[in-house]
Each structure stands twice: as structure tokens, then as C-alpha cells.
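The following paragraphs explain how a protein chain is arranged, for a reader who meets it for the first time. Please keep the sequence and the structure in view while reading.

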Amino acid sequence: LLDSLSLTLPPDHLARAALVRQTLGAELARGAEALAPLARLQAPLLVVHGGRDMVPLAANQALAGAAPRGRLLALPESGHFPFLDDPARFFAEMRAW
């Protein structure tokens with residue numbers, strides 16, 4: 001099934017990625033104010049970060065760190081869709097979590 005799935009990127013995907021990074025950077029600059037509501041989260045929170053994703057690692061580290069039971073799972077060889085890029089590892093991690 002995964003072999004038959006093809007994802008295509010729009011021609012301006014690099015410009016879009018740069019805009020996402022810029023926007024997330026501005027949100028991170030707001031610091032604790034932006035993430036403050038997560039301090040009240042009682043449920044466990046797993047933040048999955050793909051090393052080739054357009055979302056900066058620092059953004060996901062801050063997100064996971066803001067929740068009392070937050071945890072960051074970094075998958076360096078994955079992009080924004082780790083369940084497609086490395087399904088065996090992704091689902092093994094989900095089962096273990």
C-alpha cells in the first residue's frame with residue numbers, strides 16, 4: 001500500500017517551508033506565553049519530530065517541554081509524515097508509548 005502512495009510537492013514548497021519556519025519562530029519568540037496552556041494538561045503528550053520536517057526541532061522541544069507529561073520522539077530520517085517515511089519504527093514507538 002505504501003509503495004502505491006505518492007506524495008507530490010507543489011513547485012513553491014521551499015518558499016512555503018521557509019514561511020512556516022518564520023511563523024513558528026515568531027511563535028517561539030512569544031515563549032512561555034504561547035505554550036502556557038499546556039502546563040495544565042494532565043494527559044501524556046507525545047510530540048513526534050521528523051528530522052527532515054519543515055517544523056524546527058526547537059519548536060517541538062518547546063512543545064513537549066511545556067506539558068508536565070510531555071515527551072519528544074525524534075525520528076531523524078523522517079519528514080512531516082513519519083508514519084509513511086518509517087512506518088515500522090513509527091508504529092513500534094506508538095505501541096511502546
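A salt bridge is a side-chain nitrogen of Lys or Arg that lies within 4 Å of a carboxyl oxygen of Asp or Glu. This definition will be needed below, once the overall arrangement has been set out. The model discussed here is a predicted one.

The protein contains 5 helices and 2 strands. Read from the N terminus, these elements follow the order α-α-β-α-β-α-α. Of the 97 residues in the protein, 21% are buried. The exposed area of the protein is about 6,700 Å², and 62% of this area is supplied by carbon and sulfur atoms. Among the contacts with a separation of 6 or more, 66% are between residues 24 or more positions apart.

The two strands offer a suitable point of entry. Strand β1 (residues 45–50) and strand β2 (residues 70–75) run parallel and are joined by 6 bridges. One such pairing places L45 opposite G70, its bridge partner in β2. Between the strands, the chain passes through helix α3 (residues 57–66), and the resulting β-α-β crossover is right-handed.

Is strand β1 mostly covered or mostly open? It is mostly covered, since 5 of the 6 residues in β1 are buried. H49 belongs to this strand. With a relative accessible area of 5%, H49 is buried because this value is under the 20% cut-off. Apart from its neighbours within four places in sequence, H49 is in contact with several residues, including V55, P56, L57 and N60. The contacts of H49 also include L72, L73, A74 and L75.

V55 leads on to another part of the chain. A18, in helix α1 (residues 13–29), is 37 residues from V55 in sequence, yet their C-alpha atoms are 9.6 Å apart in space. A18 itself is partly exposed, at a relative accessible area of 42%.

The definition given at the start can now be applied. Side chains of opposite charge can pair when their charged atoms come close. How many salt bridges does a search of the whole structure find? The search finds 2. In one of them, E93 pairs with R71, and the closest N and O atoms are 3.7 Å apart. Because E93 lies in helix α5 and R71 in strand β2, this pair ties together parts that are 22 residues apart in sequence. R71 counts as partly exposed, with 35% relative accessibility.

E93 also forms a salt bridge with R89, where the closest N and O atoms are 3.3 Å apart. R89 and E93 are 4 residues apart in helix α5, so about one helical turn separates them. R89, at 36% relative accessibility, is likewise partly exposed. R71, R89 and E93 are thus linked in a network of salt bridges.

Helix α5 (residues 87–96) also holds F91. This residue is partly exposed, since its relative accessible area is 39%. Together with F81 and F83, F91 makes a nonpolar surface patch of about 270 Å².

Key: Residues are numbered from 1 along each chain as its sequence is written. This is a predicted model: local features need pLDDT of at least 70, side-chain atom pairs count only at pLDDT 80 or more; totals for chains, interfaces and linings use all residues. Side-chain values use heavy atoms; hydrogens and water are left out. Two strands pair if DSSP finds at least two bridges between them. A crossover is right-handed if, with the strands pointing away from the viewer, the path from the first strand over the helix to the second runs clockwise. Patches are made of residues with over 30% relative accessible area and no salt bridge: like charges are joined within 9 Å, nonpolar side chains (Val, Leu, Ile, Met, Phe, Trp, Tyr) within 5 Å. Accessible areas come from the Shrake-Rupley method with a 1.4 Å probe; for residues, only the protein chains shown count as cover. Buried means under 20% relative accessible area, exposed over 50%, partly exposed in between (1.4 Å probe, protein chains only). Contact means heavy atoms within 4.5 Å.
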